[in-house]
Amino acid sequence: MKVLHVAGARPNFMKVAPVLRALGGRGVANVLVHTGQHYDPQMSAAFFEDLGLPEPDVHLEVGSGSHAAQTARVMERIEPVLESERPDLTIVVGDVNSTMASAIVCAKLRLPVAHVEAGLRSFDRTMPEEINRVLTDQISDLLFTTSPEAEANLLREGIAAERIRFVGNPMIDSLERHAARARSSGALERFGLEESGYVLVTLHRPSNVDDPTTLRGILEALNDVARRAPVVFPVHPRTVRMLQAHGLEGSVRLGGDRAAPGAVTCVEPLGYVDFLRLMSCARAVLTDSGGIQEETTILGVPCLTLRWNTERPITVEMGTNRLVGTDPEAIRKEALAALDGGRRPARRPPLWDGKAGERIAEAVVGWAR
Ligand code: UD1
């Protein structure tokens, strides 16, 4: 049996790794295609290395562009690869443009496609990822879900129950696998941080960083938080561009290497293991990422999500996540409360146990039979 895996952007890599490994362990021939949506070494190669992912068999080198241009480039370039490889199954993960683009091409070539992390819904169609999720799910033959409400979302959209498999969360497989290595990472020392003594921030959603008023408000709140505890902010390249475009570089310490008290210290995007270390030891994490809401739930670290909705409600119901929105006063208040309150008890969502990759491999082999 031959399975083709599509990986495009940073949040895909930690989901692809456990699935690829589990299928390889069952004698399946894996073909790994990197679309090149993310291409900076720190957004891509560093993750391949940390996660032990093999070199991609095919690299499409699509790079950045408008949504239409990027999606079209993936479609155009993956089509001949799919035609020559003729995989028995293609697996796409998550909700990035590469995911949707590849799934559409498979569907039109009448090649079976499976979606890992199916059924997540923010019900906010201003989010490009929501469009990618809905469309990918509609045309996938097999839908692997990470949480019970995802199945309900899919059934509501008319997807047949027999196509859905609740397998748990492969992102947590990667987290468990690399937890010990993260403990020996020198990231805290490198940035001059103390365990439980700092706040970790990530921001990259267009709704937060493209609008100067929203971004300015968030930075004001972060600066207030920094007066109480060091704030470390590994910055996504898109956010760096926006800080510069909006003339907001002065609100942060760009290019910092040690966290300075009283300032928001921006550092380069980190690799998987170093970031895991910073997340595990943070007093609180402030983010607009999807995956970080899940990882902090398992780590038991308070997570404040700077968005008005989440496609991962289980992290709020069972985990440490709180939806704070983007109002500066609310961010300030919730962040200071998190600094005072410390860790809150969290439960582990069902099947977030480090074995999702194995379940997916099992289901794929069963489906092929
Ligand atoms: C993409 C995903 C988003 C995911 C995020 C994680 C879509 C629609 N969005 O958003 O769901 O949460 O990845 O990072 O697929 N850039 C670089 N170097 C890189 C990659 C990007 O400099 O390696 C810059 C470019 O200026 C580019 C911008 O970041 O234009 C945005 O990149 P893009 O891949 O379009 O979207 P992300 O914001 O990264």
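Q: Which residue has an N or O atom in its side chain 2.9 Å from an oxygen atom of the ligand?
A: The model is predicted: local features need pLDDT of at least 70, side-chain atom pairs count only at pLDDT 80 or more, and totals for chains, interfaces and linings use all residues. Residues are numbered from 1 along each chain as its sequence is written, and side-chain values use heavy atoms, leaving out hydrogens and water. A polar contact is a pair of N or O atoms within 3.5 Å. The residue that places a side-chain N or O atom 2.9 Å from a ligand oxygen is His236.

Q: How much of the ligand's area does the protein bury?
A: Besides His236, a polar side-chain atom of His204 lies 2.8 Å from a ligand oxygen, and a side-chain N or O atom of Arg241 lies 3.4 Å from a ligand oxygen. Taken alone, the ligand exposes 740 Å² (Shrake-Rupley method, 1.4 Å probe). Of that area, the protein buries 90%.

Q: How many residues surround the ligand?
A: A residue is counted if one of its heavy atoms lies within 4 Å of the molecule. The closest are Gln37, His38, Tyr39, Glu129 and His204. The number that surround the ligand is 21.

Q: Why are the buried residues of helix 15 on the same side, and what arc do they cover?
A: Helices are DSSP runs of H or I with at least four residues, and strands are runs of E with at least two, numbered from the N terminus. The buried residues of helix 15 (under 20% relative accessible area; exposed is over 50%, partly exposed in between; 1.4 Å probe, protein chains only) are Ile331, Arg332, Ala335, Ala338 and Leu339. They lie on the same side because the directions from the helix axis to their C-beta atoms cover an arc of only 135°.

Q: Which exposed residues does the opposite face of helix 15 carry?
A: The cover over the buried residues of helix 15, by contacts of heavy atoms within 4.5 Å, includes strand 8 (199–202), helix 10 (212–226), strand 11 (284–287) and strand 12 (303–305). The face turned away from the buried side carries Lys333, Asp340 and Gly341.

Q: Is Glu117, with its positive phi, buried or exposed?
A: Most residues other than glycine have a negative phi. Glu117 is not a glycine, yet its phi is about 80°, and it is found in strand 5 (residues 113–118). With a relative accessibility of 4%, Glu117 counts as buried.

Conventions
Polar contact = N/O pair within 3.5 Å; in protein donor to acceptor, adjacent residues only side chain to side chain.
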